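Visitor: Could you give me a close look at a single part of this model, starting from one residue and following its contacts outwards?

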Amino acid sequence: MSVFITLEGGDAAGKSTQAAALESWLVEQGRSVVRTREPGGTDLGVAVRELVLHRKGPVAPRAEALLYAADRAHHVATVVRPALERGDVVVQDRYLDSSTAYQGAGRVLDADEVRRLSLWAVEGLLPDLTVLIDLDPRVGRQRRSDRTAYDRLEAEQDDFHDRVRAAFLDLAAGEPDRFLVVDGELPAGQVQAAIREAVRPLLRR
Ligand code: TYD
C-alpha cells in the first residue's frame, strides 16, 4: 500500500533532517521510499525554485503562488503519483500546506483560493499524513544564524513568519486526522519518535 507523508513547518524547523531519518527507518522496514521536496523535486522544479527563491527583485504575490503551483503540478504528475502507483512511500519536504501558509497568510492572498489553486494543480491529491514541525520563527532564525545567504522568503520579517506559523497551526487544527503537530524545540530524536509512531499504523493498512 502506498503512503504519502509530507513535512511542513517554518524555515530551519528540522524538516529535512527528520525526512532523512524517516526514510532510513522506512527502508529498514523493507519499504521502497521516494524522498522528495517542493519546490525543486524535478528538473522543471529546480528552474522554478531558482526563479521564485533567488530572483533579484520582487515577484508579484499571485505570480509567486502560480510558480509554486506549477512546480507542484509537474512534481505530482511526474514523481509523486507514479511512486504512489508503484506502492512506494513518498516522504516529501513541503507540499500544498506551505502555499496556503506562505502565499495565503504570509503574502496575504485569500488562503482558500491558494489552496484551491494547489488542489487543482494536483487533481485533489492530499497526503495520508502531514507532520507539522512547529517552531517559533525566532528560534529558527537563531538556528540559521551561521548561514549567510537567505532566500527571498527567509529574508522576510518576523511578522511574516509569525503569520505563517499561525496559519500552519490553524490548518492542523482544521484537519486533525491528517496532521501530527510536533514541537520543533524537542531533541531531534524525540521528534523522530513521534513521527514514527504516527507513521506505523499507516504501514499496516
Ligand atoms: P525550503 O526548500 O524548505 O527552503 P530551504 O531550502 O531554505 O530549507 O523552501 C523554500 C522556501 O519556499 C521556504 O521559505 C518556503 C517557501 N515556500 C512557499 O512559500 N510556498 C510553497 O508552496 C513552498 C513549497 C515553499
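Guide: Thr 100 is a good place to begin, because this residue is buried, with a relative accessible area of 6% (buried means under 20%, for a 1.4 Å probe and protein chains only). The model is a predicted one, in which local features need pLDDT of at least 70 and side-chain atom pairs count only at pLDDT 80 or more, while totals for chains, interfaces and linings use all residues. Residues are numbered from 1 along each chain as its sequence is written, and side-chain values use heavy atoms, with hydrogens and water left out.

Thr 100 belongs to helix α4, which covers residues 96-106; helices here are DSSP runs of H or I with at least four residues, numbered from the N terminus. Once the neighbours within four places in sequence are set aside, the contacts of Thr 100 (heavy atoms within 4.5 Å) are with Ala 105, Ala 111, Val 114, Arg 115 and Leu 171. Ala 105 falls within the span of α4 itself, whereas Ala 111, Val 114 and Arg 115 fall within the span of helix α5, residues 111-121.

Val 114 deserves a look from its own side. This residue of helix α5 is likewise buried, with a relative accessible area of 6%. Leaving out residues up to four places away in sequence, Val 114 touches Ser 99, Thr 100, Gln 103, Gly 104 and Leu 109, and of these Ser 99, Thr 100, Gln 103 and Gly 104 fall within the span of α4. In the other direction along the chain, Val 114 and Leu 129 are separated by 15 residues in sequence and by 20 Å in space, taken from C-alpha to C-alpha.

Two of the residues touched by Val 114, Ser 99 and Gln 103, lead on to the ligand. Around the ligand there are 16 residues (each with a heavy atom within 4 Å of it), and those that come nearest are Tyr 68, Arg 94, Ser 99, Gln 103 and Glu 154. Ser 99 places a polar side-chain atom 2.6 Å from an oxygen atom of the ligand, and Glu 154 likewise has a polar side-chain atom 2.7 Å from a ligand oxygen. Arg 49 also takes part, with a polar side-chain atom lying 2.8 Å from an oxygen atom of the ligand. Ser 99 thus appears twice in this tour, in contact with the buried Val 114 and beside a ligand oxygen.

Notes
Helices (H or I, at least four residues) and strands (E, at least two) are DSSP runs, numbered from the N terminus. Buried means under 20% relative accessible area, exposed over 50%, partly exposed in between (1.4 Å probe, protein chains only). A polar contact is a pair of N or O atoms within 3.5 Å; within protein, one must be able to donate a hydrogen and the other to accept it, and residues adjacent in sequence count only if both atoms are side-chain atoms.
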